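Please open the structure in your viewer and keep the sequence panel beside it, so that each selection can be made by residue number. The tour moves from one stop to the next.

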Amino acid sequence: MKSISIDIETYSSTDLNQCGVYKYAESPDAEVLLFAYSIDEGPVITVDVAQGEEVPDHVLAALTDDSVLKWAFNASFERVFLSVWLDRYHPLYFSSYSINDDTVGQYLDPASWRCSRIWCAYMGLPLSLEGAGAILGLDKQKMSEGKSLIRYFCCPCAPTKTNGGRTRNLPEHAPDKWETFKKYNKRDVETEMAIQEKLKNFPVPDFLWDEYNIDQTINDRGIAVDLTLVKNAIRFDAFSKTALMASMHDITGLENPNSVQQMKQWLSDKGISTDSLDKKAIISLLETVPSDVADVLKLRQQLAKSSVSKYKKMEKSVCSDGRARGMFQFYGANRTGRWAGRIVQLQNLPQNHMPDLAEARAVVRSGDYEMMNMIYDDVPDVLSQLVRTALKPRPGKKFIVSDFSSIEARVLSYLAGEKWRLDVFESGGDIYCASASQMFGVPVEKHGVNSHLRQKGKISELALGYGGSVGALTAMGALDMGLKEDELPGLVSAWREANPNIVNFWWDVDKAALDAVRMRTSTKTHGLSFIYKSGMLFITLPSGRSLSYVRPRIGENDFGGTNITYEGTATGKWERIDTYGPKITENIVQAISRDILMYAMKTLRYCFICGHVHDELIIECSRDVSVDAICEQMGRTPPWMPGLRLKADGYECEFYKKD
């Protein structure tokens, strides 16, 4: 046996969508219902486990045989669930890949598992089996009955008089549906194998499967959650909301002060008109309204600040050993290959700016709400700032958090050959000051001469690197920081004049992509290869990884010029998307930045990485591990980007936070 393709149907009373597969699989009532497999692309066999059939020993043995490749669509589900199932029901066949002091002991080694969804993502295809099958035009598509059958057999049901008060549907309750479910299970394996056959001429590079292995290890390792803090934060939030609502009710007399409609009417009765009550609208209103109205709006702001949903996600997803797992989806962004956050979503946790973070955290952990309310005027804001701190290292360990400094700006400058910017990074200078200085022709220091210009340099750097104009500056908050609308066109012009090589790079990329698609050929620019092949546009990055654009065509933009269109998911559905040089540049730079982070993960793979956020790594380690050593290792330049100057900064902490 060289390979086996697998699809399982399972039952668990735990909600998979709420908690993820790790918590779902460890539920005491979790079980495999159907196990479909194909060995070495042979016929698909379905084992009816729910009705007493047994998975053959040679198949069970293959699950822990590193010489056998295990294929599945969204293979992390099969691997994690079967890890727990094997350990529980077939312990002789279970083995882990854990080493001393690691926390992956409950799971099968991901090294010999392959995921056809990752293959689809690498090719720019939809991330669902149904969507990928449709785009590829497979003869055997995923059966549409699947969702209703999964709801019927795989999830608890509500007890009713009609069903005799049962809380679960078994095969004997609907034999016809069960037979259809078995066909559905078999068809999923057939569809997965058909996808592999369709894509066989575009194999995923071996190094990417190694990256997937690292990703799965990080997900298996998980990150510890302070459940005392989490539970008290949820309780404090309920107390705070009740008190805030009571205060608002006392002041306004409204039945439901949290109602947008009722609040708008109350404001109208006070002679104040507003189309919205969102964050920006309230900030604007607070500048002009009377103090009594301001008090109500501030109370409303406090209600809106609460991040209790994050705490609830942590509580629901944490496994029996106190660790939350499965927080990262490999290749979740298939345009660039970046990760997507899942469940708790570490990528969008609220920031913290409190100087007394540890003290506030201790108060919440104590469970003393009265003390909390006495010390802090804005309890919801405190709870929001403490969300990150609910993630903690194990006893006797610490976190080292290390991230890249200005990684995208460095990569963009390197590719474009913008020397003055490279010199700034080489010397360790402040890119925002340097950019402002280059734009306005005067020296700019952060806390010195012309320091007021640094903010203009900063907003320009953040908004204009990928062809952005006045709209990008506005979206980045230029007006909110005090810039005037008539200043913005000048900033755009000044930044572009200061960065001519970057501007040229946008249009060199644009031309290379257009020529590749138009002439069905290969082109190169700035160390990047653009290849049109079999109805696909591939952009090969310095790392050897390729970006994929499905069915590219030459189109016409809004200004009458030519651009590229391709098929992809932009608004939640498969559609044709416009792109052009600066946007493709953004994809390239973000993808290379991702590859650099992945290179750092590879060099630090034995350091117990338990999380990553954008360009940052979270490492759980012994107290004697050096921050400087981790940052030095992380800041090493990959061999495929010679001369690129990287810088990683870091800090250590007793709980996760932003330094």
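Begin by selecting Arg-117 in this predicted model, together with the residues it touches: leaving aside residues up to four places away in sequence, these are Ala-72, Phe-73, Asn-74, Leu-127 and Gln-329. If you colour by secondary structure, you will find Arg-117 placed in helix H5, which covers residues 116-122.

Stay on Arg-117 and ask which side chain of opposite charge is nearest to it. That side chain belongs to Asp-215, and it is 8.9 Å away. A salt bridge requires a side-chain nitrogen of Lys or Arg within 4 Å of a carboxyl oxygen of Asp or Glu, and Arg-117, although buried, has none. What the side chain of Arg-117 does make is a polar contact with the side chain of Asn-74, at 3.3 Å.

Select Asn-74 next, which lies in the loop between strand S4 and helix H4. Its backbone deserves a look, since phi of Asn-74 is near 60°, a positive value in a residue that is not glycine. Is Asn-74 exposed, or only partly exposed? Its relative accessibility is 24%, and therefore Asn-74 counts as partly exposed, whereas its contact partner Arg-117 is buried.

From that loop, move into helix H4 by selecting residues 75-89. Helix H4 lies across strands S1, S2, S4 (69-72) and S5, and runs at about 70° to S1.

Now show the sheet itself, an open one in which 5 strands follow the order S3-S2-S1-S4-S5 with mixed pairing. At its edges are strand S3 (45-48) and strand S5 (113-115), each of which pairs on one side only. With direction ignored, neighbouring strands of this sheet are turned by 30° against each other on average.

Within the sheet, select strand S1 (residues 3-11) and strand S2 (residues 31-39), which run antiparallel and are joined by 8 bridges. To inspect one of these pairings in detail, pick Ile-6, whose bridge partner in S2 is Tyr-37.

For the last stop, go to Ser-534, found in the loop between strand S13 (528-533) and strand S14 (536-540). Ser-534 is another non-glycine residue with a positive phi, here near 50°. How does Ser-534 count, as buried or as exposed? Its relative accessibility is 58%, so Ser-534 counts as exposed, while Asn-74, at 24%, counts as partly exposed.

How values were computed. Residues numbered from 1 in each chain as written. Predicted model: local features only at pLDDT ≥ 70, side-chain atom pairs only at ≥ 80, totals over all residues. Heavy atoms only, no water. Helix = DSSP H or I, 4+ residues; strand = E, 2+ residues; numbered from the N terminus. Buried < 20%, exposed > 50% of the residue type's maximum accessible area, 1.4 Å probe, protein only. Lys, Arg positive; Asp, Glu negative; His and termini not counted. Polar contact = N/O pair within 3.5 Å; in protein donor to acceptor, adjacent residues only side chain to side chain. Contact = heavy atoms within 4.5 Å. Pairing = 2+ DSSP bridges. Axes fitted to C-alpha atoms, helices over the stretch in contact; angles between N-to-C directions.
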